[in-house]
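Me: I've got a new structure open and I'd like a walk through it. Can we take it piece by piece?

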Amino acid sequence: MASRRFLQSIRESRTRGDALLAMPFALIVVVTVVDIFAPPDVHLGPFLVAAPAVAASFTGPRMTALVGAVAVLAQALVAVERTSLNDLNHTYQIIALVLISVLVTFFARLRVRNEQAVAQLRSVAEAAQRVVLRPLPGRSGPLRIASVYLAAEAEAQIGGDLYAAARTAEGTRLIIGDVRGKGLAAIGEAASVLGAFHALSRQRWRLPELVAHLETSIAPDPDDTARDGEDGEGGPDLTESFVTAAVLDIPDDAAEIRLVSCGHPPPLLLRAGEVIPLGVRVPAPPLGLARLVVTEHTAETFRFEAGDTLLLYTDGVIESRDRSGHFYPLRERAASRCGAGPDALLESLCADLLRHAGGHLGDDAALVAIERLPAPG
């Protein structure tokens, strides 16, 4: 199925390219015919420069040069039909057309090289993100899980949204988070958080202890901070890097969720057509900022029964705006989709989110849906 869609997309792109390529040649034919039969004091030859200029906007340098050559031949044909090639007016038009064709061919080459460089950067960025952000398992004990990552279309920039799941002796442990900033620095920070999460999950720490160790693992080295303050002006920025995160334990044998929220948007619990935000009473500061305040991480417990679905998300979802500047109403949209499985829920929400944002997100967005299945009879 995937290969069929890929081949179909190639055929569609070729069809669109052929249709666009017909435009400059059609322009040459129309201008040439009209110019030949126009009155003696009417000269349409200068309009031929539009043909290579249009071609340079969407095709490569070779095809642009070909369109320019055809336009020059068409201008020569007009000269022969109307006067002669030695006519001064047509001679200057031909010379100008040759120069402009050479110039736009050069610009077409620059455009293609720039597009290739951007495509390579995107490929490297996507490969790095796939290495860091491993796909979540479809099943984990009594849970069915789906996840999706929507990258903002901003050249080759990648964000630091993250999620992960790990099996423990009691059940499933999950994290979703958002690193401040974009690019490789954000991806590096996300990799540090995910690496620490997987390593600490194997050591059977209780949830508050795990979050405290996560905080320690991503906190900057005091020696490095002091060194940066000596080298720079005005001292270090202690809030330069931080991660909002929600860390959860979902036991296999208890219908509950244990949650520690570190400055992250509250998860949504979908139950019988109702959407319940799981706001904690004692939120912790984002990871990386706890050193600035006295912090005690506390896990709060919520009911999570068979048939319930838990929706985790990053702020790229709820901060997405439409053309009127309104934020995406995730809670209302999720309420209309209660009862769908995790995969169908995320597929529907992602399509709706992209429609709301006009097809282009301002920030990366991640969503994770977890459904607790009924106990086997």
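Reply: Sure, we'll go through the sheet, a couple of helices and the cysteines. Keep in mind that this is a predicted model.

Me: Okay, the sheet. What is the order of its strands?
Reply: The order is E1-E2-E11-E10-E7-E8, an open sheet of 6 strands with antiparallel pairing. At the edges sit E1 (139-140) and E8 (274-277), each pairing on one side only.

Me: And what holds strands of a sheet together in general?
Reply: They pair through backbone hydrogen bonds, either parallel or antiparallel.

Me: Let's look at E10. Is it buried or exposed?
Reply: Strand E10 covers residues 309-313, and 5 of its 5 residues are buried. Thr 309, Leu 311 and Tyr 313 are on one side, with Leu 310 and Leu 312 on the other, so both faces are covered.

Me: Which strands does E10 pair with, and over how many bridges?
Reply: E7 (residues 268-271) pairs with E10 in the antiparallel sense over 3 bridges. E11 (residues 365-372) also runs antiparallel to E10, joined by 5 bridges.

Me: What stands opposite Thr 309?
Reply: Leu 270 stands opposite Thr 309, and so does Glu 371 in E11. Further along E10, Leu 311 has Leu 268 opposite.

Me: How about E7 and E8? How many bridges join them?
Reply: 4 bridges, and the two strands run antiparallel. One pair there is Leu 269 with its bridge partner Ile 276 in E8. E7 and E8 form a hairpin with 2 residues between the strands, where Ala 272 takes a positive phi near 50°.

Me: Which strands does helix H10 lie across?
Reply: H10 (residues 342-356) lies across E2 (143-150), E7, E10 and E11, and it runs at about 20° to E2.

Me: Switching to H3. How many residues does it have, and how far does it reach?
Reply: Helix H3 takes in residues 61-82, so 22 residues, and reaches 31 Å from its first C-alpha to its last. That is close to the 32 Å expected at 1.5 Å a residue.

Me: Which residues of H3 are buried?
Reply: Among them are Thr 64, Val 67, Gly 68, Ala 71, Val 72, Gln 75 and Arg 82.

Me: Why might buried positions in a helix be spaced like that?
Reply: As a general point, an α-helix has 3.6 residues a turn, so residues three or four places apart point the same way.

Me: Where is Glu 215?
Reply: Glu 215 is found in helix H6 (residues 207-218). Its relative accessibility is 8%, so Glu 215 counts as buried.

Me: Which backbone nitrogen lies 2.7 Å from a polar atom of its side chain?
Reply: That of Gly 288 lies 2.7 Å from a polar atom of the Glu 215 side chain.

Me: Last topic, cysteines. How many disulfides are there?
Reply: The count comes to 0 disulfides.

Me: Are Cys 338 and Cys 350 buried or partly exposed?
Reply: Cys 338 is partly exposed, with a relative accessible area of 23%. Cys 350 counts as buried, at 8% relative accessibility. The cut-off for buried is under 20%.

How values were computed
Residues numbered from 1 in each chain as written. Predicted model: local features only at pLDDT ≥ 70, side-chain atom pairs only at ≥ 80, totals over all residues. Heavy atoms only, no water. Buried < 20%, exposed > 50% of the residue type's maximum accessible area, 1.4 Å probe, protein only. Pairing = 2+ DSSP bridges. Disulfide = S-S within 2.5 Å. Contact = heavy atoms within 4.5 Å. Axes fitted to C-alpha atoms, helices over the stretch in contact; angles between N-to-C directions. Polar contact = N/O pair within 3.5 Å; in protein donor to acceptor, adjacent residues only side chain to side chain.
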